[in-house]
Amino acid sequence: MVVLALVSSIFAGAFYHALAKIYTGIAPCPKQSIRHGSGKMWSVYFFHLLLSLLIGLILFVTLVAPIGFQAWKNPDDSHFEAIILCFVLFITFMVLLSTVMVAAIPAIVVEGKSAVQAFHRSLNLCKSFICFIYCSQICYALVLMISMVLINLILDQLPAILGLIGHLALQIATTTIAPM
């Protein structure tokens, strides 16, 4: 599992390095991008590790602790309202976190920030554009969902092997164009 995460970190770094080259008008070289990504592998990996710990902390603070406290305080109550409120609070924090952490890996790869500095840099870069980033993510998800439903309806009408190949191609295409 750790090896897969490290390889994923290399390719995330290579992807953002190639994007940075494209944005500056330079043609990216795959070998150079992978070399640069492997150089930033540990920082990207530790960023993901810290982000996972932060998500676990948010999960504990917004869901586990309040619901556990309510269950300990009133063991006979169903706590349905508290569960719904805590779940909405957790989702809200997760949406906010995913919105402001969009620029963290590019800050590591392009600007050479450490895993801890990437949190602060991403927050500084994204705080003025939270609504734009959030709406862009929502619009992308809606367009993707609608197009996936329509394409899947078409692919389900094909023979099994063609449907399988079509679903595989669709999965590869949506993964490729997905925002990181």
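Okay, let's start on the surface: Y134, I138, L142, M145, I146, V149, L150 and L153 make a nonpolar patch of about 740 Å². A patch here takes residues with over 30% relative accessible area and no salt bridge, with nonpolar side chains (Val, Leu, Ile, Met, Phe, Trp, Tyr) joined within 5 Å. The areas come from the Shrake-Rupley method with a 1.4 Å probe. One of the patch residues, L150, sits in helix 7.

Quick caveat: this is a predicted model, where local features need pLDDT of at least 70 and side-chain atom pairs count only at pLDDT 80 or more. Residues are numbered from 1 along each chain, and side-chain values use heavy atoms.

So how do helix 4 and helix 7 pack? Helix 4 (residues 80-100) meets helix 7 (residues 130-155) at about 105°, with axes 9 Å apart; helices are DSSP runs (H or I) of at least four residues, and axes are lines fitted to C-alpha atoms. That makes the two roughly perpendicular, a label for 65 to 115 degrees. Helix 4 brings V95, L96, S98, T99 and V100, and helix 7 brings I130, I133, Y134 and Q137, with contact meaning heavy atoms within 4.5 Å.

Last stop: there's one salt bridge, between the side chains of R121 and E111, at 2.8 Å, N to O. The cut-off is a Lys or Arg side-chain nitrogen within 4 Å of an Asp or Glu carboxyl oxygen. R121 is in helix 6, and E111 is in the loop between helix 5 and helix 6.

Definitions and conventions. Axes fitted to C-alpha atoms, helices over the stretch in contact; angles between N-to-C directions. Parallel < 35°, antiparallel > 145°, perpendicular 65-115°, else oblique. Patch = residues over 30% accessible without salt bridge, like charges linked within 9 Å, V, L, I, M, F, W, Y side chains within 5 Å.
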